[in-house]
Amino acid sequence: MRSDLNPFSLLKHNNVIIKFAASVLLVGLAFRLLISDSFRFYSVVETSVPANEETKPESLMASMPAEEPAPNDFEANKSRTSQSGKCDLFTGEWVPDPSGPVYTNQSCFQIEGHQNCMKNGRPDSGYLYWRWSPRGCSLPRFKPKKFLHLMRNKSWAFIGDSISRNHVQSLLCILSQFEVVMVKDTLPLHITTVNICTLNLGQGSALDSAGSFRNLVPLAIIAQLLVIYFQQEEQAVETYHDEEYRSKIWLFPTHNFTLSVIWTPFLIKADIFEDMNGVSSSEIQLHLDELDKKWTDQYRSFDYAIIAGGKWFLKTAIYHENNVVTGCHYCPGKNLTELGFDYAYRKALQLVFNFITSSGHNTHAFLRTTTPDHFENGEWFSGGTCNRKVPFKEDGVNMTDVDTIMRNIELEEFAKAAALGPEKRVVLKLLDTTRLSLLRPDGHPGPYRQFQPFAADKKAKVQNDCLHWCLPGPIDSWNDLVMEMIVNGGIYQ
């Protein structure tokens, strides 16, 4: 007697059941996503391995810092509060964080090549597993959905040099992250990755030699499987860039939120004769009594602004005031008075704060303090490197004289302006990232500012970048700080 039950009809029947079960499961998961405001995510970092190197089966967790946290260290840090209700977000330490970064170089497409350390071949990943822990305060992770909700119909600008661009890219990566939740321990060993967007439950597989169906996911497995690719509700749309791609504007259309980065390394008017590789053909002409209109002409359109300067003031420059050359910084042979970078930097910040406090525009303005570099055994132009793999302890390093001078100027001029803030109806906040950044010598691209710098020659001499930050990396904590200052700014000193 002929049977109508053949393997392919069974497969079709099973697939109908599987599709129905998966649909029910996904509807339930969607409901949970709607009512839940937080999830636990596991990050996967895309690394690029040179063709002539063997890929090592080393997991990300295996490359975490050697110093493991005590079982309750991280949770205890989350719940600490100050007895007085006031605390300093910028004093503390970097603590091991097993959860790792909230985005990856695979999920964020805003990372510039020079900061894409993992893709460029950086072999270690331990620097990804640390979080900033302020002493006496809680510092939650940045919440993208909450941030975008707060920024509806608003605009934000990052105003400064390439570190500001580094910072805005970190923020874009956090806002446009792809978040992955996976329960993979229940999967058969031969299934290594499943993407719900590409999983096709409606197609069967051919019989293998043993007569069973290959790659068929049983209903019992489907019931245990939780694999979701969840994307933030919108992606940033780039609406403008200048000729050199240094200044850009992005729009988050659903929230009508505009995010800008304005490249103005001195904040004041400057004639710069330098190419994209830092090669100069003449001295910078710096006008100490005139702000850069590139940002001041737009300032009244911003609801929030993070302003920063610093390192460019160390370059050779001729100083102008009232259309007269008054001196310079590091200009041997010019027969000019050496006024020093500190003279120019103080003048620039005074102009900036005077403009902000007299603008009549109620912008929430942050001053981000200077960013220390970590060059050792030389400078960027003389073979300096940064090869450390773990953060410094809080008392393990001192600021250089230059960074100390710059930060002191920033603190002094900010204090003067902040005293006028309430009277001028201006909100001024200090984003004091200098000290916490000083403790992270391990977070820079180093030689991996270039793609696979040692692929052809393992002993090649390569220019290091020990100033900018890998993405993901320590700079992401700056956005945790900004978020906390926006949400709970009143409790911080």
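Which backbone oxygen does the side chain of Q285 reach at 3.4 Å? In this predicted model, the side chain of Q285 comes to that distance from the backbone oxygen of E283, and the first legend below takes up the surroundings of this residue.

**Figure 1. Q285 in strand β10 and its polar partners.** The residue shown, Q285, belongs to strand β10, which spans residues 284-291. Because its relative accessibility is 18%, Q285 counts as buried, falling under the 20% cut-off. Its side chain reaches the backbone oxygen of E283 at 3.4 Å, and the side chain of Q285 also makes a polar contact of 2.6 Å with the side chain of H320. When residues up to four places away in sequence are set aside, Q285 touches K269, A270, D271, F273, I318 and H320, so that H320 appears in this list as well as in the polar contact between side chains.

**Figure 2. The salt bridge between K315 and E274.** A search of the whole structure finds 17 salt bridges, and one of them is examined in this view. K315 pairs with E274 in a salt bridge whose closest N and O atoms are 3.4 Å apart. This pair links distant parts of the chain, with K315 in the loop between β11 (304-307) and β12 (317-321), E274 in the loop between β9 (268-271) and β10, and 41 residues separating the two. K315 counts as partly exposed because its relative accessibility is 25%, whereas E274, with a relative accessible area of 19%, is buried. As general background, side chains of opposite charge can pair when their charged atoms come close.

**Figure 3. Salt bridges with buried partners, K311 with D403 and D442 with R440.** The closest N and O atoms of the salt bridge between K311 and D403 are 2.9 Å apart. This pair, too, links distant parts of the chain, since K311 sits in the loop between β11 and β12 while D403 lies in helix α8 (residues 401-424), 92 residues apart. Both K311 and D403 are buried. D442 forms a salt bridge with R440, in which the closest N and O atoms are 2.8 Å apart, and D442 and R440 are likewise both buried. Elsewhere, salt bridges that share partners join R346, E412, E413 and K416 into one network.

**Figure 4. D88 in the loop between α2 and β1.** D88 is found in the loop that runs between α2 (73-79) and β1 (92-96), and it counts as partly exposed because its relative accessibility is 29%. A polar atom of the D88 side chain lies 2.9 Å from the backbone nitrogen of F90, and a polar contact of 2.8 Å joins the side chains of D88 and T91. Leaving aside neighbours within four places in sequence, D88 is in contact with P134, R135 and C137. D88 and D432 are 344 residues apart in sequence, with a C-alpha to C-alpha distance of 9.9 Å in space.

**Figure 5. Helix α4 and the side chain at its start.** Helix α4, made of 14 residues (162-175), reaches 20 Å from its first C-alpha to its last, which is close to the 20 Å expected at 1.5 Å a residue. Since 14 of the 14 residues of α4 are buried, the helix is largely enclosed by the rest of the structure. At the start of α4, a side-chain oxygen of D161 reaches to within 3.0 Å of the backbone nitrogen of I163.

Note on methods
Residues numbered from 1 in each chain as written. Predicted model: local features only at pLDDT ≥ 70, side-chain atom pairs only at ≥ 80, totals over all residues. Heavy atoms only, no water. Helix = DSSP H or I, 4+ residues; strand = E, 2+ residues; numbered from the N terminus. Buried < 20%, exposed > 50% of the residue type's maximum accessible area, 1.4 Å probe, protein only. Polar contact = N/O pair within 3.5 Å; in protein donor to acceptor, adjacent residues only side chain to side chain. Contact = heavy atoms within 4.5 Å. Salt bridge = Lys/Arg side-chain N within 4 Å of Asp/Glu carboxyl O. Expected span 1.5 Å × (residues − 1).
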